[in-house]
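This report walks through one protein chain, from its helix and sheet packing to its charged side chains. Please keep the structure in view while reading.

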Amino acid sequence: MTPDVMTKPHSLIASDRIEGTAVRRPNGERIGHIERLMIDKISGKVSYAILSFGGFLGLGSDLLPLPWARLTFNRTLDAYQLDITEEELRSAPSFTEKREFDWGDRSQEEALHRHYGVAPYWGEF
């Protein structure tokens with residue numbers, strides 16, 4: 001491999017570089033950080049980013065599955081941007097480390113996409 005391969009700009013990023021990245025509102029206010037990604041096994045595409053927010057020092061945090069289509073990367077903020085109100089954030093379907101989201105229940109995923117007004121990654125409802 002030539003040394004300049006890693007210095008050329010590109011649009012790909014390793015998943016471990018996304019985990020821990022800040023999620024901010026358009027005004028720069030920090031909401032939380034990306035805990036992990038959920039990837040569709042069949043298509044290989046990222047379906048959700050799990051947002052960790054609230055809690056203290058990572059304890060008692062809520063985990064919020066966000067449709068990947070709802071996030072944009074803001075180079076100026078060096079963070080993922082989420083245009084979300086406090087009410088929308090607090091009323092969103094969420095889970096905790098002790099109460100996991102049921103990824104096998106399509107109705108939960110449908111409710112999640114309806115909450116955010118984003119078409120599901122698998123197509124139509």
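Helix 3 lies across strand 3 and strand 4. Its direction makes an angle of about 75 degrees with strand 4. The model shown here is a predicted one.

## Overall layout

Three helices and six strands make up the protein's regular elements. Read from the N terminus, their order is α-β-β-β-β-β-β-α-α. The chain counts 125 residues, and 34% of them are buried. About 8300 Å² of the protein is exposed, with carbon and sulfur atoms supplying 52% of that area. Among contacts with a separation of 6 or more, 42% join residues 24 or more positions apart.

## The sheet

How are the six strands ordered in the sheet? They form an open sheet in the order 4-3-2-1-6-5, with mixed pairing. Strand 4 and strand 5 stand at the edges, and each has a single partner strand, so one side of each has no neighbour in the sheet. On average, neighbouring strands are turned by 40 degrees against each other, direction ignored. Strands of a sheet pair through backbone hydrogen bonds, in either a parallel or an antiparallel way.

Two hairpins can be followed residue by residue. Strand 1 and strand 2 form a hairpin with five residues between them. The two strands run antiparallel and are joined by three bridges. Val23 has Gly32 in strand 2 as its bridge partner. In the turn, Gly28 has a positive phi of about 95 degrees.

Strand 2 also forms a hairpin with strand 3, with six residues between them. Six bridges join this antiparallel pair, in which strand 3 covers residues 46-53. Ile39 stands opposite Val46 in strand 3, and His33 stands opposite Ser52 in strand 3. The turn holds Gly44, which has a positive phi of about 80 degrees.

## Salt bridges

The structure holds six salt bridges. The table lists some of them by their N to O distance.

| Pair | N to O distance |
|---|---|
| Glu86 and Arg25 | 2.9 Å |
| Glu88 and Arg70 | 3.2 Å |
| Arg114 and Glu110 | 3.9 Å |

Start with Glu86 and Arg25, whose side chains meet in a salt bridge. Glu86 lies in helix 2 (residues 86-91), and Arg25 lies in the loop between strand 1 (22-24) and strand 2 (30-39), so the pair ties together parts that are 61 residues apart in sequence. Is each partner buried, exposed or in between? Glu86 is partly exposed, at a relative accessible area of 37%. Arg25 counts as buried, at 10% relative accessibility. The pair also belongs to a wider group: Arg25, Glu29, Glu86 and Arg90 are linked in a network of salt bridges.

Next come Glu88 and Arg70, again joined by a salt bridge between side chains. This pair links distant parts of the chain, with Glu88 in helix 2 and Arg70 in the loop between strand 4 (62-67) and strand 5 (72-74), 18 residues apart. Glu88 has a relative accessible area of 18%, under the 20% limit, so Glu88 counts as buried. Arg70 is also at 18% relative accessibility and is buried.

The third pair sits within one helix. Arg114 and Glu110 are four residues apart in helix 3 (residues 106-116), which means that about one helical turn separates them. Glu110 is partly exposed, with a relative accessible area of 22%.

## A closer look at Arg70

What does the side chain of Arg70 reach besides its salt-bridge partner? It reaches the backbone oxygen of Asp83 at 2.5 Å. The side chain of Arg70 also makes a polar contact with the side chain of Glu88, at 3.2 Å. Leaving out residues up to four places away in sequence, Arg70 touches Gln81, Leu82, Asp83, Ile84, Glu88, Tyr116 and Val118. Thus a residue from the loop between strand 4 and strand 5 has Glu88, of helix 2, among its contacts.

How values were computed:
Residues are numbered from 1 along each chain as its sequence is written. This is a predicted model: local features need pLDDT of at least 70, side-chain atom pairs count only at pLDDT 80 or more; totals for chains, interfaces and linings use all residues. Side-chain values use heavy atoms; hydrogens and water are left out. A salt bridge is a side-chain nitrogen of Lys or Arg within 4 Å of a carboxyl oxygen of Asp or Glu. Buried means under 20% relative accessible area, exposed over 50%, partly exposed in between (1.4 Å probe, protein chains only). A polar contact is a pair of N or O atoms within 3.5 Å; within protein, one must be able to donate a hydrogen and the other to accept it, and residues adjacent in sequence count only if both atoms are side-chain atoms. Contact means heavy atoms within 4.5 Å. Two strands pair if DSSP finds at least two bridges between them. Axes are lines fitted to C-alpha atoms, for helices over the stretch in contact, and angles run from 0 to 180 degrees between N-to-C directions. Accessible areas come from the Shrake-Rupley method with a 1.4 Å probe; for residues, only the protein chains shown count as cover.
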